[in-house]
Amino acid sequence: MTAKNLVGLGLTALKSNFTTLGKPYKLNYCITYLCQSRCVTCNIWQMRPKGELTIDEVREFARKNTSFKWVELTGGEPFLRDDIDEIARAFKENSKSLYILTVPTNSLVNHDKVIAKLENILKLGIPRVAVTVSLDGYRELHDKIRGIPGNYDKAIDMFRRLKELKKTHKNLFFVFGYTLSKFNQGQFEKTFELVRKDIPDLKRNDFHINLAQLSSNYYGNETLDIKPNDPVVVDELAGILKKRDFQLGMIPIIENAYMKRLVVYAKTGKQPMRSRSLEASAFIDSYGNVYPSIMWDKKLANLREIGYDLSRMWHSEASEEVRKMTKLGTEPAQWTSCEAYQTLVGNVLSLI
Ligand code: SF4
């Protein structure tokens, strides 16, 4: 099943180079805007969500849209939804060739509960379940950026718990997610060395790097003074890229390609290559609103109004307008983890 699903994902990604896909293979779905953090880079924690999609609605959506090979369940803090394992089950049961499910965590939900939910998800038999543990600095810095005393220690404990869980679940993968911004600029090396004291076998590639970005339809942080292409982060990003551990395999190649373009994006503020938003992927928020991506504030539909069936909006006039913009290169600049990977494999020559 693993090899078959991987081949299916590869072929679909390849196909996206030559033709417009009739349906998305990657779903970025914010399952809740609830969050107990207080990050200085994001305003989601200030939201008071009401009327988010229920588990029955998610099941209906999963039943009517069965093309997903990659599902990202994001938040807020996704583990604040008690039914996160049932949400994963709905996608696994309906998208038969689902290969990867990714989920971030701020480590603030009770860890026994998170591990129990993850065990349920891992047992579904999805070939790759990838968890990103948010960590933006060493102890004092992380707790300051996240606004939660003790958050660093919880993130370290979560990482250790995942290492234990990996011993019995080979389909589990995990990294630290480091969001680089003006608040931690210049602190990555110090962070790496200090975290290594807590986790002695830590590798550089155990960190996935993001840039703090502005988004009105997701982070709700468009009024914050954050510049994704702040020149101060460019040198640091290039240094992190240079020191990454050499690894063979498709995933390290794609991760390196992502990082290289992140440097370009930070330097220029421009989209490094033609986006695959609304071709390979779509973003759905917790209320069922459909957008091209987390960085593109153009609401195209609401699932409740289209019977939870994406095919009813996929070729609408508004959707075709979005595709026209990506072809012309007039879409909003974006280079985030949610969008970059399907964009890279949808421009496969860029990987050579
Ligand atoms: S970055 Fe994540 S943890 Fe921080 S406020 Fe936003 S959703 Fe919450």
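Student: Let's start in the sheet: which residue is the bridge partner of Cys-30 in β2?

Tutor: Bear in mind that this is a predicted model. Strand β1 covers residues 26-32, and it pairs with β2 in the parallel sense over 6 bridges. One residue of β1, Asn-28, stands opposite Glu-72. For Cys-30, the bridge partner in β2 is Thr-74.

Student: Which residues of β2 point the same way as Glu-72?

Tutor: In a regular strand, side chains alternate between the two faces of the sheet. In β2, Val-71, Leu-73 and Gly-75 go one way, and all of them are buried. Glu-72 points the other way, together with Trp-70 and Thr-74.

Student: And how many residues of β2 are buried?

Tutor: Both sets of β2 residues, the one with Trp-70 and the one with Val-71, are buried. That fits a strand described as mostly covered, and the count of buried residues is 6 of 6.

Student: Which strands stand at the edges of the sheet?

Tutor: The sheet is open, has 9 strands with mixed pairing, and runs in the order β6-β5-β4-β3-β2-β1-β7-β8-β9. An edge strand here has a single partner strand, so one side of it is left without a neighbour in the sheet. The strands that fit are β6 (207-211) and β9.

Student: Which residue of β6 is the bridge partner of Tyr-178?

Tutor: Look at β5, residues 172-180, where 7 of the 9 residues are buried, so the strand is largely enclosed by the rest of the structure. Strand β4 (128-134) joins β5 through 6 bridges in parallel, with Ala-130 partnered by Phe-173. β5 also runs parallel to β6, joined by 5 bridges. In β6, the partner of Tyr-178 is Ile-209.

Student: Does Ile-209 turn up elsewhere, I wonder; what lines the second largest cavity?

Tutor: That cavity has a volume of about 40 Å³. Its lining divides into 4 nonpolar, no polar and 2 charged residues. The names are Phe-188, Arg-204, Phe-207, Ile-209, Ile-240 and Arg-244.

Student: How much space lies in the largest cavity?

Tutor: The structure holds 2 cavities of 30 Å³ or more. The largest has a lining of 10 residues, with Ser-181, Lys-182, Ile-226, Lys-227 and Asp-230 nearest its centre. By class that lining gives 6 nonpolar, 1 polar and 3 charged. The space inside is about 60 Å³.

Student: Where is the cis peptide bond that involves Gly-76?

Tutor: Most peptide bonds are trans. Gly-76 lies in the loop between β2 (70-75) and α3 (84-94), and it is also one of the residues around the ligand. Omega is near 25° for the cis bond, which runs from Gly-75 to Gly-76.

Student: How many charged residues are in the shell around the ligand?

Tutor: The residues there are Cys-35, Ser-37, Cys-39, Cys-42, Ile-44, Trp-45, Gly-76, Asn-106 and Arg-146. By class, the shell has 5 nonpolar and 3 polar residues, and the charged count is 1.

Student: What is the phi of Leu-278 near?

Tutor: Most residues other than glycine have a negative phi. Leu-278 sits in the loop between α9 (250-268) and β7 (281-284), and it is buried, with a relative accessible area of 0%. Its phi is positive, near 65°.

Student: Is Tyr-308 buried or exposed?

Tutor: Tyr-308 is in the loop between β9 (301-302) and α10 (317-328). Phi of Tyr-308 is also a positive value, near 65°. The cut-off for buried is under 20% relative accessible area. Tyr-308 has 15%, so the verdict is buried.

Student: What does His-111 touch, leaving out residues up to four places away in sequence?

Tutor: His-111 is in helix α4, residues 111-122. At 10% relative accessibility, His-111 counts as buried. With those sequence neighbours left out, the residues it touches are Lys-154, Asp-157, Met-158 and Arg-161.

Student: Last one: which elements do the buried residues of α11 pack against?

Tutor: In helix α11 (337-345), 9 of the 9 residues are buried, so the helix is largely enclosed by the rest of the structure. Among them are Ser-337, Glu-339, Tyr-341 and Val-345. The elements they pack against are α1 (2-15), β1, β2, β6, α9 and β7.

Note on methods
Residues numbered from 1 in each chain as written. Predicted model: local features only at pLDDT ≥ 70, side-chain atom pairs only at ≥ 80, totals over all residues. Heavy atoms only, no water. 1 Å grid on protein atoms, 1.4 Å probe; cavity = no way out; pocket = protein on both sides within 12 Å on 5 of 7 lines; lining within 4 Å. Points joined across faces, edges and corners; volume = space filled by probe spheres on them. Nonpolar A, V, L, I, M, F, W, Y, C, P; charged D, E, K, R; others polar. Near = heavy atom within 4 Å. Helix = DSSP H or I, 4+ residues; strand = E, 2+ residues; numbered from the N terminus. Buried < 20%, exposed > 50% of the residue type's maximum accessible area, 1.4 Å probe, protein only. Contact = heavy atoms within 4.5 Å. Pairing = 2+ DSSP bridges.
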